[in-house]
Amino acid sequence: MTLLSSMPLQAHANPVVGMAQFLYLDSTDSDVLKAASFANRHLDGFRRSDPDEPEADHAYRVANIVHNVLLLDAPEYSVVALLHDVLEKTPTDPGLVEAVFGTSVALAVQALTRQEEMPEADYITQVLQGSDVAVAVKVADLMDNLIARLHSPDLIHTIENAILFLEAMKRAPLPVNLRVARQMLANTILQVKP
């Protein structure tokens, strides 16, 4: 097992967020290690809405949720989780993601990339029309956002978006692993609702 983390680790005001910066994965998976390095390089210097939180920390937490909470241990899930915000938050070229990680990873990352001014309903449709990997990573992304924003004024908006995604998932034909992920998202929403 290898401990992967975004470097350098940042102290965070929210202890739940701070403790979730670590990702344990099989160190023999070169694609996951390559994705971790790629995410660190490309997300370096980018911050989430909390100015003290590096964007890479969120990517690691999403990968952690995919691997250790949703129990989706195929390497592609962790790779896409680590890269899920690289195209949306940075000027990284989609062709580079495809050249380094292949077409299926690039398509999943593109499905998770919200275009500027894109309505929420269109974004949800885009993700659900992507691969099962993209859907699972979006569930983990929403779960992390709900937990990270637990004491934030953005929590209500985050809950609303998570409920919209959850309702759309309920209407979509899903394999068993995504039905389990859907239920875990529903449980997370219930736990954080004020």
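**Close-up 1. Helix α9 gives the largest share of the lining of the largest pocket, with 4 residues.** This is a predicted model, and the pocket shown here has a volume of about 350 Å³. Its lining takes in 21 residues, and those closest to the pocket centre are Lys89, Lys138, Asp141, Asn145 and Arg149. Besides α9 (132-148), the elements that put two or more residues into this lining are α3 (55-69), α5 (86-89), α8 (120-129) and α10 (155-171). If you're thinking about electrostatics, here's the split: 11 lining residues are charged, 7 are polar and 3 are nonpolar.

**Close-up 2. Phe38 and Phe101 make the 1 aromatic pair that turns up in a search of the whole structure.** The two rings meet edge-to-face, with 5.3 Å from centre to centre and 85° between the planes. Phe38 belongs to helix α2 (residues 30-43) and Phe101 to helix α6 (residues 94-101), so the contact ties together parts that sit 63 residues apart in sequence. What about solvent: is Phe38 buried or exposed? Phe38 counts as buried because its relative accessible area is just 2%, under the 20% cut-off. Phe101 also falls under that cut-off, with a relative accessible area of 12%, so this partner is buried too.

**Close-up 3. Here are the two ends of helix α6, with Asp93 at one and Gly102 just after the other.** Asp93 caps the N-terminal end of α6. The cap is a side-chain oxygen of Asp93 placed 2.5 Å from the backbone nitrogen of Gly95. Over at the far side, what sort of phi does Gly102 take just after α6? Gly102 has a positive phi, about 95°. Phe101, the aromatic partner from the previous view, lies in this helix as well.

**Close-up 4. Arg114 parks its charged end over the ring of Tyr123.** How far is that charged end from the ring centre? The distance comes out at 4.1 Å.

**Close-up 5. Glu76 and Ala134 come together in space from separate stretches of the chain.** Along the sequence they're 58 residues apart, but C-alpha to C-alpha they're 9.9 Å apart. Glu76 is part of helix α4, which covers residues 75-83. How open is the Glu76 position, then: buried, exposed or partly exposed? With a relative accessible area of 27%, Glu76 is partly exposed, because that value lies between the 20% and 50% cut-offs.

Note on methods. Residues are numbered from 1 along each chain as its sequence is written. This is a predicted model: local features need pLDDT of at least 70, side-chain atom pairs count only at pLDDT 80 or more; totals for chains, interfaces and linings use all residues. Side-chain values use heavy atoms; hydrogens and water are left out. On a 1 Å grid over the protein atoms alone, a cavity is a set of points where a 1.4 Å probe fits but cannot get out, and a pocket is an open set with protein on both sides within 12 Å along at least five of seven lines; lining residues have an atom within 4 Å of a point. Grid points are joined across faces, edges and corners, and a volume is the space filled by probe spheres set on the points. Ala, Val, Leu, Ile, Met, Phe, Trp, Tyr, Cys and Pro count as nonpolar, Asp, Glu, Lys and Arg as charged, and the others, Gly among them, as polar. Rings of Phe, Tyr and Trp (its six-membered ring) pair if their centres lie within 6.5 Å; planes under 30 degrees apart count as stacked, over 60 as edge-to-face and the rest as tilted. Buried means under 20% relative accessible area, exposed over 50%, partly exposed in between (1.4 Å probe, protein chains only). A charge sits over a ring if NZ of Lys or CZ of Arg is within 6 Å of the ring centre and within 35 degrees of the ring normal. A polar contact is a pair of N or O atoms within 3.5 Å; within protein, one must be able to donate a hydrogen and the other to accept it, and residues adjacent in sequence count only if both atoms are side-chain atoms.
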